[in-house]
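Please work through the exercises below with the model open beside you, and try each task before reading its solution.

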Amino acid sequence: MNANLLQTPIDYLKGVGPSRAELFRKELGIHTYQDLINFFPNRYLDKTKYYKINQLQQNSADIQVLGKIVAFRTIEQKRGKRLVADFVDETGKMELVWFRGQKWIRENLKLNIPYVIFGKTNWFNGLFSMPHPEMELLEEHEKSLRTAMQPVYPSSEKLTNKGITNRVINKLMQQLFIETKGKFYDTLPQNIHEDLKLISRAEALFNVHFPKSQELLSRAQFRLKFEELFYIQLQLLVKNMLHKKRIKGYVFDTIGDNFETFYKEHLPFKLTGAQKKVIKEIRSDLGSGAQMNRLLQGDVGSGKTIVALMSMLIALDNGFQACLMAPTEILSVQHYTGLIELCKELNTSIELLTGSTKASKRREIHEKLENGELDILIGTHALLEDKVKFKNLGLAIIDEQHRFGVEQRSKLWKKNELPSHILVMTATPIPRTLAMSLYGDLDVSVIDELPPGRRPIKTVHRFDSNRLKVFRFIRDEIEKGRQIYIVYPLIQESEKMDYKDLMDGYESVSREFPMPKYQISIVHGQMKSADKNYEMDRFINGDTQIMVATTVIEVGVNVPNASVMIIESSERFGLSQLHQLRGRVGRGAEQSYCILMSGHKLSEDSKTRLQTMVSTNDGFELAEVDLKLRGPGNLMGKQQSGILNLKIADIVKDNQILKSARDYAKRLLTEDPNLEMPEHKMVKYTYQQVAKHKNIWNYIS
Ligand code: ADP
Ligand code: MG
């Protein structure tokens with residue numbers, strides 16, 4: 001083991017020196033030998049292949065040419081000089097161009113000697129050119145470690161400008177292997193090595209940097225990805241275990257009147273098996289003595305609300321208050337009215353608190369909260385305000401959590417002496433893989449079954465040019481007594497334009513469906529909330545047949561008689577949003593439809609999104625596609641994507657490895673929760689290093 005050697009500052013590596021070291025630190029976060037060894041190529045090139053100059057094509061990247069410089073010239077430009085070299089092979093001539101570092105280049109590059117150049121080609125003035133090529137004397141190119149697969153390391157403009165090219169990194173990497181003799185200890189338990197037929201860590205590291213063959217490269221990558229994911233999962237699982245041991249929570253061990261009466265007498269329907277299973281999981285959490293920290297995932301319409309209510313009733317039965325926070329006013333109002341209806345036979349007091357609650361009402365709510373008269377508080381972010389103090393908050397539920405950040409979650413749980421139990425509900429299914437890595441520290445429950453009698457929503461894509469047919473369809477559905485949503489995009493940056501789209505749409509819909517035969521509701525973000533609620537109510541009560549709206553109705557809204565969702569400019573919506581919107585229909589027994597309207601011009605991504613929507617109703621499947629299209633960072637927002645800063649694994653593509661890593665990590669912890677067995681000594685050591693530092697690779701080697 002050469003742990004100490006690996007902690008050597010990068011400055012000491014032969015060929016680095018202080019100024020390069022500084023660049024490494026600043027640009028790449030490489031401080032030590034260890035950091036460098038864990039600086040992985042992001043792709044590999046076949047460096048045995050040369051292009052002839054007469055075979056070049058415009059704008060191709062990764063082009064390697066063998067030839068000679070025959071002349072240099074400096075060209076004055078308004079914005080400064082550029083250095084140009086004429087570069088020839090036996091088939092033609094091209095130009096190499098430098099805008100920076102000209103002096104060094106002019107002095108160091110030799111004329112009429114074979115060079116291998118590498119870079120991206122441009123086509124300019126009838127000639128191919130290559131700006132800032134990587135160059136190596138043919139002689140050295142041939143001497144340097146030969147392999148068909150040449151690693152390409154991540155770079156930055158600054159690095160390239162300062163001459164830290166791929167080739168330089170490659171050389172330093174060689175140097176590093178010489179100085180360390182390529183010895184790196186193994187970090188994974190022997191049984192995993194055997195089960196998965198892993199190559200040793202040392203062999204893996206060597207082969208990612210200097211692949212001897214495609215096969216060894218693949219095995220090396222597998223081994224390193226597995227390790228990266230394994231330690232992340234181990235960390236999350238241990239965190240979860242500790243949480244359960246240490247973070248005491250209120251014990252809700254009574255199942256009392258509220259829950260019993262509701263369950264026996266007032267359930268409006270039979271719970272699905274999945275709902276029962278989840279309620280059981282929650283009950284067991286609440287009685288465990290540890291604080292519950294649970295994520296409830298269930299597709300739109302799977303019936304999360306009733307689970308929320310029954311969990312809150314358990315809290316009440318144990319003498320605690322509960323709250324339910326939703327991301328929009330409309331949704332809060334709907335939860336409020338829904339829960340009031342469900343609880344009308346129970347003796348519970350429920351209030352609604354949002355940004356538009358009047359001051360006098362607000363005061364009353366604050367008071368009743370503090371003296372304990374109020375059992376359940378429902379509302380928006382308004383619940384998070386410091387002024388909102390509970391006498392005894394035992395359970396906080398957050399609906400549609402993707403709209404809320406982690407901080408908000410923790411703000412809620414701190415509203416009592418002990419942390420209150422937290423249940424986070426989401427219908428924007430975070431792909432399973434992502435949930436595993438992000439929420440490894442949360443327990444996850446899944447409602448994977450829809451209430452019976454639901455018919456899958458039929459989704460179609462229609463071009464704007466077919467609008468008349470769509471209108472005819474709407475008319476037929478209204479004839480049958482159904483209600484229709486027509487939704488327009490709302491994108492923050494251009495709210496005005498969207499508003500105009502909405503109003504234009506509203507007008508044309510009104511023309512097509514004139515009063516008094518047809519009644520239309522309209523809801524958008526710029527309306528006062530009283531007006532919004534009024535319009536919503538008219539639709540909910542069936543007074544209007546059509547609801548024209550922006551995405552304010554996206555989450556949670558529940559009008560079972562609405563059976564058609566028309567999404568205008570659907571190409572402008574993200575997949576999860578489309579899915580959420582579609583989830584507004586299909587809530588009753590009738591066949592429901594989702595019609596995605598768009599123009600003819602569609603980007604590839606838009607096409608994929610619309611096709612995916614048409615082909616599946618499964619939110620998890622959609623979420624996986626979304627993840628592939630958008631990448632994890634965008635999907636989760638900045639604060640949560642940090643953990644996804646993976647060095648070698650790819651959370652999307654390496655999904656299988658992730659699952660396996662998680663399984664092995666679980667098994668290991670079941671067998672040896674404190675990592676005390678002698679055969680886990682290295683695992684423990686590595687784990688401790690990882691736990692101490694955020695970036696796992698800094699401390700594995
Ligand atoms: P979501 O999971 O999207 O929040 P909701 O809780 O709003 O779903 O439930 C959607 C609809 O399904 C509601 O009208 C609700 O009353 C109904 N529902 C929920 N569970 C069942 C069930 N077990 N059987 C029948 N209908 C149900
Ligand atoms: Mg809901």
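Two exercises follow, one on a helix pair and one on a ligand.

This is a predicted model, in which local features need pLDDT of at least 70 and side-chain atom pairs count only at pLDDT 80 or more, while totals for chains, interfaces and linings use all residues. Residues are numbered from 1 along each chain as its sequence is written, chains are lettered from A and ligands numbered from 1 in the order in which they are written, and side-chain values use heavy atoms, with hydrogens and water left out.

**Exercise 1.** Determine how helix 12 and helix 13 are oriented and which residues meet.

Solution. Begin with the axes: those of helix 12 (residues 273-286) and helix 13 (residues 304-317) come within 10 Å and cross at roughly 30°. The two helices are therefore roughly parallel to each other, a term used for angles under 35 degrees. Next, list the contact (heavy atoms within 4.5 Å): Q275, V278, I279, I282, R283 and L286 of helix 12 meet I306, V307, M310, S311 and I314 of helix 13. Sorted by class, the residues of this contact are eight nonpolar, two polar and one charged.

**Exercise 2.** Identify the residues that come nearest to ligand 1, and find polar partners for the ligand's atoms.

Solution. Start from the 16 residues around ligand 1 (a heavy atom within 4 Å), of which K270, G301, K304, T305 and R454 come nearest. Then take the nitrogen atoms: a backbone N or O atom of K270 lies 2.8 Å from one nitrogen atom of the ligand, and a polar side-chain atom of Q275 lies 2.9 Å from a ligand nitrogen atom. Finally, a backbone N or O atom of G303 lies 3.1 Å from an oxygen atom of ligand 1.

How values were computed
Axes fitted to C-alpha atoms, helices over the stretch in contact; angles between N-to-C directions. Helix = DSSP H or I, 4+ residues; strand = E, 2+ residues; numbered from the N terminus. Parallel < 35°, antiparallel > 145°, perpendicular 65-115°, else oblique. Nonpolar A, V, L, I, M, F, W, Y, C, P; charged D, E, K, R; others polar. Polar contact = N/O pair within 3.5 Å; in protein donor to acceptor, adjacent residues only side chain to side chain.
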